[in-house]
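This report walks through a few contacts and backbone details of the structure shown below. Please keep the sequence and the 3D view at hand while reading.

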Amino acid sequence: MNHASSIVGAITPLLATASFSVPLLSLFIRSKKFYNAYALAVSAIALAMASWTFVSLVEGGYKPIIYRFGGWPPPVGIVYEVDALNGFLGLYASLVMFIAFLFSTWYSKFIDDVIWYYTLLLGLETGVIGCIYTGDVFNLFVMLEVLSISAYGLAAFFTRRPAALEAAFKYAFIGAVITTLYFIATVILYSAYGTLNMADLLGKSTLASSNGFSGWLFGDIASASLAAIAFTLWVFTFKSALFPNHFWVPDVYSAAPVPVIAAFSGAVEVTGVYVVARFMYTLFGAGSVLALNGYRDSILLMLLVLGVASGLVGSLMMIMQKNAYRLLGYSTISHIGLLYMVLSLGMSYVPSDVLKTALTALIYHIVNFGLGKVLMISSIGLVSASAGERDLDKLSGLSRLYPIASIGITMAVFQLIGLIPFGGFYSKLLMYQAFISSGQLILAVALIVVSAISSLGYLKIFYALIFPPLLRSYVKESEGVLMPIISALAIAVLLLGIFSPALLKFIEAVVENSLMPKGVEMYYGSFAEVLRGYTGGG
Amino acid sequence: MILELIVSALVFPGVLFISALSFFTEWYLRKSVAHMQSRMGPTYVGPIGLLQPFMDFVKLLVVKEEVKQKHSIIWLAELFGVLGISAIVSSLLLLPLSPIRIAADYDFLIYVYLLGVMVPIAMVAMSLCMSNPFVSAGASRLLSMILIVEPAFFAGMLTPISIATHISSSTPVFCEEAYCRSPPYSIFYSSITIGSAWSNFVYAAALITALAAVIVSVQAKAMLNPFNIPEAEQELIAGIKTEFSGPLLAIFNLLHNVELSSSILFIIYVFLGGPYPFRHLSIQGVLVLVAKYITILTLVAVVRALFGRFRVEQGVWILIKYSLIPAIAAVAMASLFNLYV
Amino acid sequence: MLIVSDPVSASIFISLMMLCLTLLLYLVVKALKPKHSGSGDESREMYLGGEHPNILSKPHVLQSGLYWAIVFRDFKRVYRGLVEKVHTGIAIDWAYYMTAWLLILLLLAIIALGVSSLI
């Protein structure tokens, strides 16, 4: 077992331990500064580990890294399997979480009880990284629960605000039902396939290969896959807030702590998109039992339709919002719609080079949208938290007090609209390319309609915060750590555009080695290799 | 190469040429509308008032001082205005007209983002730098029109480009080391091949529909009658232009006129194949180009003279009916024909 | 001269050119602009067709008013549907729409089962 593999295995236990030791530590230490430093250090370590994992993945020619918990052989024990896709997204998500923790060190002065805050936020990171790295559908359920429960807690964090309680109650109530359904999906999968390991499921659903540990099949895998996929998609479209499962987002955003909102839109919802991509392309790809009866094509078509609907609904609702974060919630919904529009171009009649363009656009847009959103949220957070207001009308002209926030908002608006030298443009360019070359011109028109409507929504933030004159005098808070965060992110979104030729080549390699047939083969290959180690080269 | 680039950017078809063209466009519009309404139109400067728009511009830019309003951010407004103008000028590099031409797969999308997104945002942001209720009302009206107009313009322009891509995929035009292909959705290559599509009556139907939709949307983009809703004189004072004065007004007017004339240029190339059926550097080619420009401009002028201003909701509805829906129908028709023709 | 390239490099080239031009034109405007004469030193009130600005309660329109026309007039029907039918804020209504999506997924699954039994 090499270093990279141990690191993959260590990252979630480390985060979970760190999270649960916060309440214990609180018996001895009450200093806010200590917890700020502690949580920041833990997330920095997680970021370093995720980067190491990804670097060793690239150095090893994108050969998936497998970690076996307790040394058990794969289908029997839980494994983490990191290929190019989840290695990359794990790095991205831990970066976003690190920024959220950095932001929290500034934001903690508005929070009375940092102990539960950091317990829950570290729990959220555990869930996110666990969901992304896991190679086991049942462990995915466990990590989903970790993620969800931390998320409910964080949504309800400001218990004195009725809006927060209402949002968290609705979110938790429906979320609990939903995660149970995912549990049922895993039960169905296990009853038919006799395995919960992702690579093993891939082997049985697509490659028709059996192994000595989980045997061959135990039931009708075709109908079991249908039911399991139906439930799974429903659950993860809820997590990633696709219309019509998007209702929790604006409510939760409007009342949660600001760094948490950054973590939600940058990392949590992306996790849902990742899981759907993993199920639709790795576990049940174009050659699987799911594709035989046309179910895969039909649900991809449904996801495409819902993606368009989500983009339209999100951007239309943006126009009429008054709460800054509610508006950003709808903007997230609209971007998630765009992500699903490209994610679902994997129908059997779409040529594979078009699919590759689409998936490259997906990954690149995740990065562009996520970083743009985090930039936007931290810039608005600086203004709104200092003023203690979330209503855009009451924030009028306030960013004139904070020049860095004005710059941050401007850059973020340009990035999210997709103006030309910014990264957001290049991912949208690839999206157009994918839609047009798949022959569906109408999707390109839909994309420009969504972009046009949502640019009106972003202009609203611009208009509210930057242009109006400041009427009252406010006490200016110090920018502190937000100064480097905002300036670094503002430079980053510009660099994402200027260096996009190199970045796109890189992301193309990531897609080629994960979601495309070659990558799927490698995903199974690593698993088979580990198995051969147990059965003596058989 | 560098010299050619500088010439393309600053002289032809860059800043100087497109500004001159826009002054001519403004003069022609004013003169022809005045003629239709039995008025004189511009007469003071130059033969038959030809230089009047230019002198207006110079006067505003160099002589008049802008009124400094209490809450405005003038430098930001200027920056946005100039950004809009340079976005248009840079997009001209995609045309076959320019000495340095850039062609790439899907460069049409670059054009759309420059002209359809960057310019309206620059225009709106420029006006919003001035704090005034009339400006905000005008900007709000402009934005609700942009909501319809930009998708319509995009869909309308997509129609000829997709048809041209389909045609040229069977006859490659660009060769690179014994490997021939035709870059898809490129403005340059589309304008070379689109002329031949008009002879096919099925394609011609789609093209005519799209052309009509695009002309309506250009009318609205340029805020000409009946869509001069955002600057609605008498109703909103001057709408988005209320607080502009001096150099700022000059920049705004130039941006507005340059946008109109470059849109017409792109329509000529993308729909009508530029100097088709002649070549660029021939006398007939230049004449055909000028004739096409004047024809489209006259159409715009006729529409402007025929109608009075619509109310906002009326205007939006008319735009949906006569621009967005036909444009989307034309795209749908084009993609259907591409499958079966 | 014709340069053929990929769209990404083309757009980077064009956008760099746009930024350079912006800078250049901005400097040109600054240079050509008449210098401040000194007489108009005091900044003026906004122009309201002759009215004095103190007839306004605020010197600018709030952002919530910016799209009033779109939300309540031009696209009234769309927004009424979106707000009164879909985004009501009642948890049961959420569940209604979400269950509909689950039912569609399951219905498609049943149809697919039928298809596979036919094959």
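Two residues are in contact if their C-beta atoms, placed from the backbone, lie within 7 Å. Helices (H or I, at least four residues) and strands (E, at least two) are DSSP runs, numbered from the N terminus. This is a predicted model, in which local features need pLDDT of at least 70 and side-chain atom pairs count only at pLDDT 80 or more, while totals for chains, interfaces and linings use all residues. Residues are numbered from 1 along each chain as its sequence is written, and chains are lettered from A and ligands numbered from 1 in the order in which they are written.

In chain A, A:I261, A:S265, A:E269, A:V273, A:V276 and A:A277 of α10(A) meet A:Y325, A:L328, A:T332, A:I336, A:L339 and A:L343 of α13(A). Nine residues of this contact are nonpolar, two are polar and one is charged, where Ala, Val, Leu, Ile, Met, Phe, Trp, Tyr, Cys and Pro count as nonpolar, Asp, Glu, Lys and Arg as charged, and the others, Gly among them, as polar.

Chain C touches both of the other chains named here. Its contact with chain A takes 36 residues from chain C and 43 residues from chain A, and α5(C) gives the largest share of the chain C side, 17 residues. That side divides into 28 nonpolar, eight polar and no charged residues. Towards chain B, 39 residues of chain C are in contact with 48 residues of chain B, and here the largest share of the chain C side, 13 residues, comes from α1(C). The side of chain C that touches chain B holds 25 nonpolar, eight polar and six charged residues.

Most residues other than glycine have a negative phi, and most peptide bonds are trans. The table lists four places that concern these two backbone features.

| Place | Feature | Value |
|---|---|---|
| A:F243 to A:P244 | cis peptide bond | omega near 0° |
| B:Y276 to B:P277 | cis peptide bond | omega near 5° |
| A:Y62 | positive phi | phi near 60° |
| B:M223 | positive phi | phi near 55° |

A:P244 is found in the loop between α8 and α9 of chain A, and B:P277 in the loop between α9 and α10 of chain B. A:Y62 lies in the loop between α2 and β1 of chain A and is buried, with 20 other C-beta atoms within 10 Å. A residue is buried if 20 or more other C-beta atoms lie within 10 Å of its own, exposed if 12 or fewer, and partly exposed in between, with C-beta atoms placed from the backbone. B:M223, in the loop between α8 and α9 of chain B, also counts as buried, with 23 C-beta neighbours inside 10 Å.
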